[in-house]
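I am opening a fresh notebook page for this model. My plan is to go through the chains, the DNA strands and a few chosen residues in turn.

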Number of protein chains: 2
Amino acid sequence: MVASLVGDPARANMLTALMDGRALTASELAHQAGITPQTASSHLSKLETGGLIEPEKQGRHRYYRLTGPDVAGVLEGLAGLAERAGHTRVRTGPKEPALRRARICYDHLAGDLGVQMLDSMRKQKLVRQTKQAIELTGEGKRFIAEALQIDADMLAHPRRPVCKACLDWSERRHHLAGTLGAAVMNRFTELNWAARDPAPGSRVVNFTRTGEKRFAALFGGSEAHS
Amino acid sequence: MVASLVGDPARANMLTALMDGRALTASELAHQAGITPQTASSHLSKLETGGLIEPEKQGRHRYYRLTGPDVAGVLEGLAGLAERAGHTRVRTGPKEPALRRARICYDHLAGDLGVQMLDSMRKQKLVRQTKQAIELTGEGKRFIAEALQIDADMLAHPRRPVCKACLDWSERRHHLAGTLGAAVMNRFTELNWAARDPAPGSRVVNFTRTGEKRFAALFGGSEAHS
DNA sequence: GCGATGCTTCGGCTATCATCGAACTATGAA
DNA sequence: TTCATAGTTCGATGATAGCCGAAGCATCGC
């Protein structure tokens with residue numbers, strides 16, 4: 001059963017550490033989970049046979065990453081249930097509000113700001129939502145090229161859609177995923193508009209003052225409240 | 001942790017039994033999971049404090065149901081991951097293809113036919129998708145009143161939207177949930193168009209010959225393949 | 001009242017599984 | 001070659017938690 005894999009605290013910690021989409025080595029994951037390398041090795045092999053993570057050998061290191069965004073989606077869903085149940089066990093630090101405002105979901109922006117961005121993009125007709133998929137409009141392609149210096153043609157990927165709606169557990173609405181979502185988040189980091197919280201294992205994203213302003217200029221700071 | 005609750009086989013069986021949206025008594029759930037009532041009682045109280053199920057007392061019976069469609073959604077997601085991993089442990093009966101074609105998700109229709117129905121409703125402009133929510137159009141209200149004898153005004157519910165998109169793990173696309181989704185499925189059963197598989201714990205939905213024809217007439221049988 | 005049924009609580013048994021120490025393999029560096 | 005680091009496998013230990021028998025409350029029917 002997949003759920004029992006996620007059920008163990010040590011494994012859950014490792015998976016949470018991988019939620020930001022990076023690939024981490026076995027010993028880094030062991031450290032994150034607070035267990036010895038031997039124990040971690042056992043857990044990692046279980047997660048691998050369960051299809052939740054996949055390894056990549058590089059020299060004498062073994063990097064592990066989540067097998068796909070859908071895994072991250074289910075993990076977010078579980079976190080949402082825990083949240084809803086007032087399941088306030090440990091781990092409820094003071095960073096909770098920050099986590100709701102902006103955080104990494106696999107490799108793209110989630111939380112209040114993530115939802116706001118996708119809303120604004122729809123309102124500005126930069127994207128068009130057909131069925132469950134999202135499509136970039138011509139105007140949208142121009143927009144990301146000019147405002148964010150992202151070439152829409154570079155976003156094609158064999159195993160992943162360019163745009164995708166990902167359900168946000170804290171906002172219960174969609175934010176932007178897919179290669180575009182990842183590229184936008186990446187751009188924000190490069191432009192020094194935002195940065196991942198340096199605390200190990202944290203998924204919080206901190207915006208700089210200028211980043212906050214630019215973001216508001218592009219995607220509406222205060223007007224779009226609903 | 002919520003995942004550890006779902007991780008235990010006995011509890012997973014009980015939750016699976018509740019996925020069709022019915023409320024079952026404690027002893028029925030114990031039987032489904034193949035355990036004694038004492039053990040089941042322990043499990044049920046854990047699931048309750050975990051916020052996954054909620055009880056309703058009725059005479060000397062205690063009926064349990066899932067606390068909401070979002071719980072069913074996460075369970076579907078987990079099932080999807082298990083499916084994707086080729087996680088073919090036990091329980092992979094011959095009813096697999098039938099399960100992909102039509103099954104109960106919480107209380108509404110899922111699977112191939114469920115996705116096809118929502119697609120067709122969008123194409124016929126019976127519903128309008130704004131953001132993550134779905135709305136019934138005026139034409140849609142006329143349609144369900146005439147074709148299915150469902151009064152749109154009767155669908156209001158304090159804790160639940162009328163229409164909602166629910167992600168389908170086998171099709172990876174949305175099907176119709178919410179009170180309308182439940183009402184439609186209910187109507188199909190009443191009209192003898194479809195029936196839940198009699199096998200205990202099964203989520204398969206079997207369509208009758210006439211049901212299949214009527215469904216195709218309303219929601220497109222072969223034309224809408226993509 | 002009495003018995004029967006549905007469900008829960010308590011206590012003890014047992015098995016599973018996470019954990020770590022120690023030893024082994026493999027890659028990289030000197 | 002020799003040493004160091006990254007990772008794995010093996011074996012033993014220990015704690016958690018599922019499980020059931022027995023007993024205790026409720027509710028229903030007579």
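**Entry 1: DNA strand C**

I began at the surface near DNA strand C, where H4(B) gives the most, with six residues. This is a predicted model, and I read everything below with that in mind. I found 21 residues around DNA strand C. The closest are Gly59(A), Thr25(B), Ser27(B), Gln38(B) and Ser41(B). Next I asked which elements give two or more residues to this surface. From chain A there is H4. From chain B there are helix H3 (26–33), H4 and strand E3 (61–66). I then sorted the residues near DNA strand C by class and got five nonpolar, 12 polar and four charged.

**Entry 2: DNA strand D**

I repeated the search on DNA strand D, and 20 residues surround this strand. Thr25(A), Ser27(A), Gln38(A), Ser41(A) and Gly59(B) are the closest. Chain A supplies helix H3 (26–33), helix H4 (37–49) and strand E3 (61–66) as elements with two or more residues here, and chain B supplies helix H4 (37–49). Which element has the largest share of the surface near DNA strand D? I noted H4(A), with six residues. The class split for DNA strand D is five nonpolar, 11 polar and four charged.

**Entry 3: H3 against H4 in chain A**

Both helices came up at the DNA, and I looked at how they pack. The axes of H3(A) and H4(A) cross at roughly 105 degrees and come within 9 Å. That angle falls between 65 and 115 degrees, so H3(A) is roughly perpendicular to H4(A). On the H3(A) side, I listed Ala26(A), Ser27(A), Leu29(A), Ala30(A) and Ala33(A) as making the contact. On the H4(A) side, I listed Pro37(A), Ala40(A), Ser41(A) and Leu44(A). By class, this contact has seven nonpolar residues, two polar and no charged. Ser27(A) and Ser41(A) take part in this helix contact, and both are among the closest residues to DNA strand D.

**Entry 4: H3 against H4 in chain B**

I ran the same check on chain B. For H3(B) and H4(B), the axes come within 9 Å and the crossing is roughly 105 degrees. H3(B) is therefore roughly perpendicular to H4(B). H3(B) makes the contact through Ala26(B), Ser27(B), Leu29(B), Ala30(B) and Ala33(B). H4(B) answers with Pro37(B), Ala40(B), Ser41(B) and Leu44(B). I counted seven nonpolar residues, two polar and no charged in the contact of H3(B) with H4(B).

**Entry 5: relation of the two chains**

How many degrees of rotation superpose chain B on chain A? I read off 179 degrees, with 0.1 Å of shift along the axis and an RMSD of 0.3 Å. The two copies are thus related as by a two-fold rotation axis. The same surface serves both copies, since 100% of the contact residues of chain B recur in chain A.

I then turned to the interface itself. There, 25 residues of chain B are in contact with 25 residues of chain A. On the side of chain B, the elements giving two or more residues are helix H1 (2–7), helix H2 (9–18) and helix H5 (69–84). H5(B) has the largest share of that side, with eight residues. The side of chain B that touches chain A divides into 12 nonpolar, 10 polar and three charged residues.

**Entry 6: Ala10(B)**

I picked one residue in helix H2 of chain B, Ala10(B). Is Ala10(B) buried, exposed or partly exposed? I marked Ala10(B) as partly exposed because 17 other C-beta atoms lie within 10 Å. Leaving out residues up to four places away in sequence, Ala10(B) touches Ala33(B), Ile35(B) and His43(B). I also took the C-alpha separation from Ala10(B) to Ala40(B), which is 8.2 Å across 30 residues of chain.

**Entry 7: Gly181(A)**

Gly181(A) sits in helix H9 (residues 178–190) of chain A. I marked Gly181(A) as buried because it has 29 C-beta neighbours inside 10 Å, and the cut-off is 20 or more. Beyond residues up to four places away in sequence, Gly181(A) touches His108(A), Leu109(A) and Leu176(A). Leu118(A) is 63 residues away along the chain, and its C-alpha atom is 9.6 Å from that of Gly181(A).

**Entry 8: chain A overall**

I closed with totals for chain A. I logged 10 helices and 11 strands. Of its 226 residues, 38% count as buried. Among contacts in chain A with a separation of 6 or more, 52% come from residues 24 or more positions apart.

Note on methods:
Residues numbered from 1 in each chain as written. Chains lettered and ligands numbered in written order. Predicted model: local features only at pLDDT ≥ 70, side-chain atom pairs only at ≥ 80, totals over all residues. Near = placed C-beta within 6 Å. Helix = DSSP H or I, 4+ residues; strand = E, 2+ residues; numbered from the N terminus. Nonpolar A, V, L, I, M, F, W, Y, C, P; charged D, E, K, R; others polar. Axes fitted to C-alpha atoms, helices over the stretch in contact; angles between N-to-C directions. Parallel < 35°, antiparallel > 145°, perpendicular 65-115°, else oblique. Contact = placed C-beta atoms within 7 Å. Least-squares fit on C-alpha atoms with pLDDT ≥ 70 in both. Buried ≥ 20, exposed ≤ 12 C-beta atoms within 10 Å, placed from the backbone.
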